[in-house]
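Work through the exercises below with the sequence and the coordinates open. Each one gives a task and then a stepwise solution.

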Amino acid sequence: MDERLNLMIRLDDPTYQNWDQDRAAVEDHYAGSAARTVAADLSRAANKLASDFEGVDAAGWRRRGRRSDGATFTIETLGQYALHDVVHHLKR
């Protein structure tokens, strides 16, 4: 997510490479990852993403990027999607 955010900050209307989350889980051995390591990695990534979003100026929220399937995001809607994912996958 942070990579996509930073592409939108640096480039005009970038196109993101396709990302297959199921394939990434298999190739990167998610199932065999140590919970403490994953928690620490997620914490660092979340802090970096929050910091990068915090640095976006008022006009920057309208900057665009697009997925390889043509779906368009702004920095604002990318942020909304990131928050949605966290809430969607939160275990209670």
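The exercises go from the overall fold to one helix, then to two residues and a pocket. The model is predicted.

**Exercise 1. State how many helices and strands the protein chain has, and in what pattern they follow one another.**

Solution.
- Step 1: count the elements. The protein chain has four helices and two strands.
- Step 2: read them along the sequence. The pattern is α-α-α-β-β-α.
- Step 3: add the dimensions. The C-alpha trace spans about 40 × 25 × 25 Å along its principal axes.
- Step 4: look at burial and contacts. Of the 92 residues, 22% are buried. Taking contacts between residues at least 6 apart in sequence, 62% join residues at least 24 apart.

**Exercise 2. Check the span of helix α4 against its number of residues, and find which of its residues are buried.**

Solution.
- Step 1: work out the expected span. Helix α4 covers residues 75-89, which is 15 residues, and at 1.5 Å a residue it should span 21 Å.
- Step 2: compare with the model. The end C-alpha atoms of α4 are 21 Å apart, in agreement with the expected span.
- Step 3: list the buried residues. In α4 they are I75, L78, G79 and A82.
- Step 4: look down the axis. The buried residues of α4 fall within an arc of 105 degrees, so they line one face of the helix.
- Step 5: turn to the other side of α4, where V87 and H88 are exposed.
- Step 6: identify the packing partners. The buried residues of α4 pack against α1 (2-10), α3 (35-54) and β2 (72-74).

**Exercise 3. Decide whether D2 is buried or exposed, and place this residue in its helix.**

Solution.
- Step 1: locate the residue. D2 is part of helix α1.
- Step 2: apply the cut-off. Buried means under 20% relative accessible area; D2 has 18% and is therefore buried.
- Step 3: list its partners. Neighbours within four places in sequence aside, D2 is in contact with K48, L49 and D52.
- Step 4: widen the view to the helix. The buried residues of α1 are D2, L5, N6, L7 and M8, and they pack against α3, β1 (64-66), β2 and α4.

**Exercise 4. Describe the surroundings of Y16, a loop residue.**

Solution.
- Step 1: place it. Y16 sits in the loop between α1 and α2 (21-27).
- Step 2: check its burial. Y16 counts as buried because its relative accessibility is 3%.
- Step 3: list contacts, leaving aside neighbours within four places in sequence. Y16 is in contact with R4, L7, M8, G65, R66, R67 and S68.
- Step 4: compare chain and space. Y16 and T74 are 58 residues apart along the chain, and their C-alpha atoms are separated by 13 Å.

**Exercise 5. Characterise the largest pocket by its space and by the classes of its lining residues.**

Solution.
- Step 1: give the volume. The largest pocket holds about 1,800 Å³ of space.
- Step 2: find the residues at its centre. Among the 38 lining residues, M1, D2, W19, L42 and D85 are the closest to the centre.
- Step 3: assign the lining to elements. Those giving two or more residues are α1, α3 and α4, and α3 provides the largest share, 11 residues.
- Step 4: sort by class. The lining has 19 nonpolar, nine polar and 10 charged residues.

How values were computed
Residues are numbered from 1 along each chain as its sequence is written. This is a predicted model: local features need pLDDT of at least 70, side-chain atom pairs count only at pLDDT 80 or more; totals for chains, interfaces and linings use all residues. Side-chain values use heavy atoms; hydrogens and water are left out. The expected span of a helix is 1.5 Å times one less than its number of residues. Buried means under 20% relative accessible area, exposed over 50%, partly exposed in between (1.4 Å probe, protein chains only). The arc is that of the directions from the helix axis to the C-beta atoms. Contact means heavy atoms within 4.5 Å. On a 1 Å grid over the protein atoms alone, a cavity is a set of points where a 1.4 Å probe fits but cannot get out, and a pocket is an open set with protein on both sides within 12 Å along at least five of seven lines; lining residues have an atom within 4 Å of a point. Grid points are joined across faces, edges and corners, and a volume is the space filled by probe spheres set on the points. Ala, Val, Leu, Ile, Met, Phe, Trp, Tyr, Cys and Pro count as nonpolar, Asp, Glu, Lys and Arg as charged, and the others, Gly among them, as polar.
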